[in-house]
Amino acid sequence: MCRNIRPLFNYEPPATDEEVRSAALQYVRKVAGTPRPSRANEPAYEAAVEAVARATRELLESLVSSAPPKDREVEAEKARARARARYA
């Protein structure tokens, strides 16, 4: 489940709210052990996703780096090249 969580810090442009929420959702899914909550647990599940997303956004906004920001397209191409080599 968590393989979809991607690094979000030090990219240009910065991580979007959608990317932060997706990472939070993956985290909550992993911790809960289920890809989808039961109806009885939906409110708790959603509250957890929102809390993790909020904490993630606060973390990203407070981190500092001396490295230049990474380019999303360049990093994506590197990942594709690694995947091609791994699964070729």
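These legends walk through several close-up views of a predicted model.

**View 1. The largest pocket and the residues around it.**
Welcome to the first close-up, which shows the largest pocket, with about 550 Å³ of space inside. The lining is made of 18 residues, and Arg-6, Pro-7, Tyr-11, Ala-76 and Ala-79 are the ones closest to the pocket centre. Two elements give two or more residues to this lining: helix H1, which spans 17–32, and helix H3, which spans 72–87. Which helix gives the most to the lining? That is H3, with 8 residues. Sorted by class, the lining has 8 nonpolar, 7 charged and 3 polar residues.

**View 2. The largest nonpolar core.**
Here we turn to the largest nonpolar core, a set of 10 residues. Its members are Leu-8, Ala-15, Val-20, Ala-23, Ala-24, Val-28, Tyr-45, Val-49, Ala-53 and Leu-60. Helix H1 supplies at least two residues of this core, and so does helix H2, which runs over 42–62. Leu-60 is a good place to pause. What does Leu-60 contact once its neighbours within four places in sequence are left aside? The partners are Leu-8, Phe-9, Ala-15 and Val-20.

**View 3. Ala-51 and its distance to Ala-24.**
This view centres on Ala-51, a residue of helix H2. Is Ala-51 buried, partly exposed or exposed? Its relative accessibility is 33%, so Ala-51 counts as partly exposed. Look for Ala-24 as well: the two residues are 27 apart in sequence, and their C-alpha atoms are 8.4 Å apart in space. Ala-24 has already appeared in View 2, as a member of the largest nonpolar core.

**View 4. A salt bridge between helices H1 and H2.**
The model has 7 salt bridges in total, and this close-up shows the one formed by Arg-21 and Glu-46. At their closest, the N and O atoms of this pair are 2.5 Å apart. The pair links distant parts of the chain, with Arg-21 in helix H1 and Glu-46 in helix H2, 25 residues apart. Arg-21 has a relative accessibility of 28% and therefore counts as partly exposed. Glu-46, at 37%, is partly exposed too. Which residues are linked with Arg-21 in a network of salt bridges? They are Glu-46 and Glu-50.

**View 5. The Lys-78 and Glu-75 pair in helix H3.**
Now we move to helix H3, where Lys-78 and Glu-75 both lie. These two residues form a salt bridge, and their closest N and O atoms are 3.4 Å apart. They sit 3 residues apart, about one turn of the helix. How exposed are the partners? Lys-78 is partly exposed, with a relative accessible area of 42%. Glu-75 has a relative accessibility of 22%, so Glu-75 also counts as partly exposed.

**View 6. The Glu-77 and Arg-80 pair in helix H3.**
The last close-up stays with helix H3 and shows Glu-77 and Arg-80. This pair forms a salt bridge in which the closest N and O atoms are 3.2 Å apart. Why are Glu-77 and Arg-80 separated by about one helical turn? It is because they are 3 residues apart in helix H3. Glu-77 counts as partly exposed, at 34% relative accessibility. Arg-80 is partly exposed as well, with a relative accessible area of 40%.

Notes
Residues are numbered from 1 along each chain as its sequence is written. This is a predicted model: local features need pLDDT of at least 70, side-chain atom pairs count only at pLDDT 80 or more; totals for chains, interfaces and linings use all residues. Side-chain values use heavy atoms; hydrogens and water are left out. On a 1 Å grid over the protein atoms alone, a cavity is a set of points where a 1.4 Å probe fits but cannot get out, and a pocket is an open set with protein on both sides within 12 Å along at least five of seven lines; lining residues have an atom within 4 Å of a point. Grid points are joined across faces, edges and corners, and a volume is the space filled by probe spheres set on the points. Helices (H or I, at least four residues) and strands (E, at least two) are DSSP runs, numbered from the N terminus. Ala, Val, Leu, Ile, Met, Phe, Trp, Tyr, Cys and Pro count as nonpolar, Asp, Glu, Lys and Arg as charged, and the others, Gly among them, as polar. A nonpolar core is a set of buried Ala, Val, Leu, Ile, Met, Phe, Trp, Tyr and Cys residues joined through side-chain atoms within 4.5 Å. Buried means under 20% relative accessible area, exposed over 50%, partly exposed in between (1.4 Å probe, protein chains only). Contact means heavy atoms within 4.5 Å. A salt bridge is a side-chain nitrogen of Lys or Arg within 4 Å of a carboxyl oxygen of Asp or Glu.
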